[in-house]
Amino acid sequence: MSETHPRLRPELEGIPTYKPGKPAAAVAPGAPAAYKLSSNENPYPPLPGVMESVVAAAGTLNRYPDMVCTHLMNELSERFAVPVSHVATGTGSVGVAQQLLQAAAGAGDEVIYAWRSFEAYPIITQISGARAVQVPLTSTEVHDLDAMADAVTDRTRLIFVCNPNNPTGTVVRRAELERFLDRVPDDVLVVIDEAYCEFIRDPDVPDGIELYRERPNVCVLRTFSKAYGLAGLRVGFAIAHEPVAAALRKTAVPFGVSQLAQEAAVASLRAEDELLGRVGLLVDERTRVVDALRAQGWTVPETQANFLWLRLGERTNEFAAACEERGVVVRPFSGEGVRVTVAETEADDLFLQTAAEFRKKM
Ligand SMILES: *Cc1c(COP(=O)(O)O)cnc(C)c1O
């Protein structure tokens with residue numbers, strides 16, 4: 001066979017591979033349960049009405065889905081009081097984020113985001129060919145918006161603001177975010193990634209959709225994967241003005257959002273009461289877990305998401321291994337810390353016990 005291989009884009013070299021949260025370990029009969037607290041998934045099953053609509057949609061799997069997601073787009077447009085032409089759907093909000101980069105940034109351009117933040121940003125930025133400009137979080141694990149604005153150059157094309165931030169759970173508040181947006185040039189796209197916005201209880205955290213209304217360079221990303229519990233179906237969306245929304249329609253993978261996903265998303269939007277109930281329970285559980293950890297002596301940054309962050313530094317992997325041994329899988333970022341999803345009470349209790357034991361040995 002020839003030694004030559006097809007030429008691929010050099011940008012792909014050295015791309016960090018996305019590490020999905022480890023699955024929960026297989027459980028031997030009679031052994032204690034194992035829990036996955038590593039991917040910020042919703043512990044609850046799909047909302048009422050979702051299974052029925054997915055099963056019904058399964059009868060048309062021989063057909064392509066509605067390419068423009070008419071039904072879902074209309075629902076979203078109504079729900080958020082925005083024109084349908086300002087809504088764009090995609091294969092999860094990561095899919096939409098990738099489309100945004102495709103539309104806005106390429107070789108020679110710069111993309112700014114906080115670090116540490118969502119793991120997908122470096123990967124999709126590098127694929128785009130643009131240069132990543134990572135701006136460290138402050139000492140309290142929050143986006144340093146002043147430093148991010150200072151990092152803007154005439155090559156900057158896109159800035160991600162992850163609010164709440166994954167993996168720290170921390171938020172930026174209205175006044176500081178508005179001041180930042182005032183400083184960013186109008187021709188730079190600011191993407192506010194609100195994957196966890198349903199879990200926010202701090203009244204000073206702005207709704208990105210309100211900021212978008214007055215600012216043509218703001219795009220808001222939302223997903224059905226977290227609060228809505230549809231991670232397995234891959235559906236997310238953006239709200240943005242033209243021409244950004246139009247660019248998202250151009251860069252979409254044709255028929256990317258399956259009919260099952262479209263129907264499930266619509267049914268989920270219609271189960272608002274149940275959604276709010278579940279989110280409320282998870283928020284209460286978040287308070288319980290964070291309070292318990294602090295009582296054990298841990299420093300836990302204020303989290304507004306369905307997960308929390310422990311900066312364990314060099315002990316990160318050891319802590320993650322201790323959790324796994326007890327049947328809870330958390331998400332380690334080696335040398336930095338662990339992110340732990342707030343989930344069902346039994347899982348959280350198991351995690352808290354492990355954390356308490358680990359603390360005593362520290
Ligand atoms: C989970 C997550 C997403 C959404 O992922 P999907 O592709 O919609 O499943 C987006 N942004 C952040 C910060 C996330 O944590």
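Me: Hey, how many bridges join strand S9 to S12, and do they run parallel or antiparallel?
Reply: In this predicted model, S9 (residues 307–310) and S12 run antiparallel, with four bridges joining them.

Me: Nice. Which residue in S12 is the bridge partner of Trp-309?
Reply: That would be Arg-339.

Me: And what does S12 do with strand S11?
Reply: S11 (residues 331–333) pairs with S12 in the antiparallel sense, over three bridges. One of the residues involved is Phe-333, whose bridge partner in S12 is Gly-337.

Me: What do S11 and S12 form, and how many residues are between them?
Reply: They form a hairpin with three residues between them. If you're checking backbone angles, look at Gly-335 in the turn: its phi is positive, about 80°.

Me: Is S12 mostly covered or mostly open?
Reply: Mostly covered: five of its five residues (337–341) are buried. Gly-337, Arg-339 and Thr-341 point one way, while Val-338 and Val-340 point the other way.

Me: Why do they split up like that?
Reply: Because side chains in a regular strand alternate between the two faces of the sheet.

Me: Makes sense. Switching to helix H1: which of its residues are buried?
Reply: For H1 (residues 50–58), the buried ones are Val-50, Ser-53, Val-54 and Ala-57. They sit on the same side of H1, because they cover an arc of only 100° around the axis.

Me: What about the other side of H1, which residues are exposed there?
Reply: Met-51, Glu-52, Val-55 and Ala-56 are exposed on that side.

Me: And what covers the buried residues of H1?
Reply: Helix H9 (259–270) is included in what covers them.

Me: Cool. Now strand S7, how many of its residues are buried?
Reply: Six of its six residues (218–223) are buried, so to speak a mostly covered strand. On one side you have Val-218, Val-220 and Arg-222, and on the other Cys-219, Leu-221 and Thr-223.

Me: Which way do S6 and S7 run, parallel or antiparallel?
Reply: S6 (residues 189–193) and S7 run parallel, joined by four bridges. Ile-192 stands opposite Val-220 in S7.

Me: What unit do S6, H7 and S7 make?
Reply: A right-handed β-α-β unit, with H7 spanning residues 208–214.

Me: Last one: how does S7 run with strand S8, parallel or antiparallel?
Reply: Antiparallel, with four bridges joining S7 to S8 (residues 236–239). For a pair to look up in the structure, take Thr-223 and its bridge partner in S8, Gly-236.

Definitions and conventions: Residues are numbered from 1 along each chain as its sequence is written. This is a predicted model: local features need pLDDT of at least 70, side-chain atom pairs count only at pLDDT 80 or more; totals for chains, interfaces and linings use all residues. Side-chain values use heavy atoms; hydrogens and water are left out. Buried means under 20% relative accessible area, exposed over 50%, partly exposed in between (1.4 Å probe, protein chains only). Helices (H or I, at least four residues) and strands (E, at least two) are DSSP runs, numbered from the N terminus. Two strands pair if DSSP finds at least two bridges between them. The arc is that of the directions from the helix axis to the C-beta atoms. Contact means heavy atoms within 4.5 Å. A crossover is right-handed if, with the strands pointing away from the viewer, the path from the first strand over the helix to the second runs clockwise.
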